[in-house]
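Here are my notes on this one, in no strict order. Have the viewer open while you read.

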Number of protein chains: 2
Amino acid sequence: MSESIAQEQSDLNLEHIMNDLDSNALYDARGHLHGLLPAEIALLLSSLPIDYRNQVWSIIAPEMMGAVLVILQGEVRTGLIEQATAQNLIDATSDLDINDLAILVGDFPAVVRDKVLERKGDSRLETALSYDGRTAAGVMDLNVLTIKADLTVDAVLQYLRGQSKIAANMDSLIVVDEHDKYRGMISVSTLLISDTHLVISTLMELEKAISLNMALPDVALLFEQREILSAAVVDEENVVKGRVSIDDVLDIVRDEAEHVVLSSAGLDEEHDLFSPVLVSARRRAVWLAVNLFTAFLASWVIGLFEATIEQIVALAVLMPIVASMGGIAGSQTLTLVIRGLALHQISSSNAMKFLAKEVSIGLVNGTVWSIVVASLAGMWFSNIPLGMMLGGAMIINLCCASFAGVLIPLFLQKKGIDPALAGGVLLTTVTDVIGFMSFLGLATIFLIN
Amino acid sequence: MSESIAQEQSDLNLEHIMNDLDSNALYDARGHLHGLLPAEIALLLSSLPIDYRNQVWSIIAPEMMGAVLVILQGEVRTGLIEQATAQNLIDATSDLDINDLAILVGDFPAVVRDKVLERKGDSRLETALSYDGRTAAGVMDLNVLTIKADLTVDAVLQYLRGQSKIAANMDSLIVVDEHDKYRGMISVSTLLISDTHLVISTLMELEKAISLNMALPDVALLFEQREILSAAVVDEENVVKGRVSIDDVLDIVRDEAEHVVLSSAGLDEEHDLFSPVLVSARRRAVWLAVNLFTAFLASWVIGLFEATIEQIVALAVLMPIVASMGGIAGSQTLTLVIRGLALHQISSSNAMKFLAKEVSIGLVNGTVWSIVVASLAGMWFSNIPLGMMLGGAMIINLCCASFAGVLIPLFLQKKGIDPALAGGVLLTTVTDVIGFMSFLGLATIFLIN
């Protein structure tokens, strides 16, 4: 994983701007910003500590602001909107199309929002604001060019030539009937190579349309399974309302991936990397509190065996090994199941087969490592029975860890709780409690007289 | 996270097939397979335990096999290739285009590969096999349609109409000069709406081309930052060699995301969910071995304080709390940094500012939770000084955890080691060692006389 050229470039942008601001060279900073793409400025802003960020924001041209805000997400976006004047925001949005506006105005102060909506005067915008962002409706393009199924290729080509502007990323056109109901899709390449006298309905593909309320992961799967670049979005009456294209799907996949990684540490992708210390501390505290509860639970289990530990202090020295190895083995299984659920590879039909496999792996690795651990610990403390207890506890914990690693995420999914969020904590609770209990319990039974 | 419709559908496919095979109803199984898309069959196969999978594979029509193998990855693919006869493989590949062939034949047995290469007789195929899969060359489409810059729109449209077939996902065409050197891109929509007498060179966009050896994450970033759907791939002489399109980028992003999640648990995305128990056990054992080393290190630290624990057994009861809270706080920071590095948000310019922020958070949360923990532990053991030692150790460990969470991934990245792979283990080592050492050390200094 060596540094990439793109990495070097964005590092350089950041370094230049921070140096400029440190030396109060605003003119130079403006020069550095000039020539950057909106996406590059967005990355730069989200990488800057807040005071630097606000300074950069104040020297960005209003016509660039809109494009940058559309790319930014979450707190960074709302923070910058707060920093901008009402007039800045109105100027920033004047060049935006209706989709970008729909993304932004929801975050605007009410007064500015009303002004923008009024000026745009497009009823679709208000409808768009009511759509659920987690559905196809929330990401679809509202500007759709549809063509009638009974036209000839020639008529369509002439019609297109009459348009002053069509989306640059247009790979195919949506075909509708006379009531604007969805019929199919025709790729632009088909239009280009087909006999111009042919009628569209004979050339179009009968691709499935997406319903307004289709969940985003389903939208992504549909695109990947069907290898399409765009799809029509229709309402319950099959009337075309918008179009989802593969660049939206790319955002969906990125967001999902971010979510899985961050939520496993109790974090949220909407949060600013540089949000104020107290705000961040409070947010992270929630996760620490949850974990404190499980840590105390583990301590309570250890506390049950105080008398045993008093007699054999070596137990206290060795007990973290059992808990930690169980945690590692369990998290391997858990990770596979969370991924399997996300990819739709694991379901009730094959879960038991998978469980059997994982528990067997736990048994094999538990046995192998218990021999290693038992020998090492037996030698360290010159106490063979102690080593045997450690080894026995490890077999128990690795098997239980495999069980928990499969069953916890399946259970959470069934209860409608995100396994990526809660799976890790629950698993650690199980492997800690069983790890300590099995080791100290075995020792109490066999080593204490 | 309720079950999606797509999830239900794939669960149903799996259930039906497994039931059919369990009751030996191969004819029904064939019926269920019929009508599924290649991607659906690929998902089904990768979700099946190996014995079921091989049965399904044996009843899939050879003309479907090729398309399914192209979608599958890693071990599942190589396993199925092993199961197929040479003739099956040759039949399976007869309909595939040169890109799909390039993906597959590398995994074929040498004899079959030679036969396929010979029959196809396309020198590009052998060149493609030599490309590095982690670069643009490894994913690019070899079938490129280029047009000359000095043609008129009309000439291009006529030329296209003369082609029997163009890629359905074509959003734009690559423009070259008379020596096949890259000049720019022209979107199909521009072709459609422009005056037919205009010359291509006046209409094309001067988009950057991608070099053959550009790393895949850079390719993805380029597409996202420039909001393009396809780009030309050129060699050092600027000659067009292929084309990358956004569906390739979608695969890149998915693979990267998978890799981050899986490698954090020492797993590999190439592996089969249902690989044999002993094979899986051996693979997972590596990660367990690494972690065993760190667990013994932590035990060794505890061992240094045996005499102290002998006097105050409550220390053994409470010590996992310090280690575990440090691990949680550190992993929050680590996760943010790994993500920040992947998104190019964190670099040497802003790392110190971020470190200062994270350590402050550690200090705030360390203080807050140390008060909670100290009070709880003090009451539990009716021992206020003991509680204070616990609280003090927790402040120390949470601050160190923040430090480690920032510096470990930065260090690994600099050394060319994937932070997602090794970051977690190193962090846990630090938080365990410092957690146990600070708590037991403080107790030895202040509580033992």
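How many residues does the contact take from chain B and from chain A? It takes 113 from chain B and 113 from chain A, with two residues in contact if their C-beta atoms, placed from the backbone, lie within 7 Å.

1. Ground rules first. This is a predicted model, where local features need pLDDT of at least 70 and side-chain atom pairs count only at pLDDT 80 or more, while totals for chains, interfaces and linings use all residues. Residues are numbered from 1 along each chain as its sequence is written, and chains are lettered from A and ligands numbered from 1 in the order in which they are written.

2. Back to the interface. On the side of chain B that touches chain A, the largest share, 16 residues, comes from helix H17 (residues 277–303) of chain B; helices (H or I, at least four residues) are DSSP runs, numbered from the N terminus. By class, that side of chain B has 63 nonpolar, 31 polar and 19 charged residues. Here Ala, Val, Leu, Ile, Met, Phe, Trp, Tyr, Cys and Pro count as nonpolar, Asp, Glu, Lys and Arg as charged, and the others, Gly among them, as polar.

3. Now the symmetry. A turn of 180° and a shift of 0.0 Å along the axis lay chain B on chain A with an RMSD of 0.1 Å, superposing by least squares on the C-alpha atoms of residues with pLDDT of at least 70 in both. The two copies are thus related as by a two-fold rotation axis. In chain B, B:Asp171 has the C-alpha nearest that axis, 2.4 Å away. The copies meet through the same surface, because 99% of the interface residues of chain B are also interface residues in chain A.

4. Across the interface, look at helix H17 (residues 277–303) of chain A and helix H19 (residues 314–342) of chain B. They pack at an angle of about 155°, with their axes 9 Å apart; axes are lines fitted to C-alpha atoms, for helices over the stretch in contact, and angles run from 0 to 180 degrees between N-to-C directions. H17(A) and H19(B) are therefore roughly antiparallel (over 145 degrees; under 35 is roughly parallel, 65 to 115 roughly perpendicular, the rest oblique). Their crossing is right-handed, meaning the near helix is turned clockwise from the far one by less than a right angle (anticlockwise would be left-handed). Among the residues that meet are A:Trp287 and A:Phe296 in H17(A), and B:Met325 and B:Gln332 in H19(B). The contact divides into 15 nonpolar, 5 polar and 1 charged.

5. H19(B) also packs within its own chain, against helix H21 (residues 384–414) of chain B, at about 30° and with axes 8 Å apart. That makes H19(B) roughly parallel to H21(B). This crossing is right-handed, and the contact has 20 nonpolar, 7 polar and no charged residues.

6. Elsewhere in chain B, helix H5 (residues 62–71) and helix H8 (residues 98–105) pack at about 70°, with their axes 9 Å apart. That makes H5(B) roughly perpendicular to H8(B). H5(B) passes H8(B) in a left-handed crossing. B:Gly66, B:Leu69 and B:Val70 in H5(B) meet B:Asp100, B:Ile103 and B:Leu104 in H8(B).

Notes: Helices (H or I, at least four residues) and strands (E, at least two) are DSSP runs, numbered from the N terminus.
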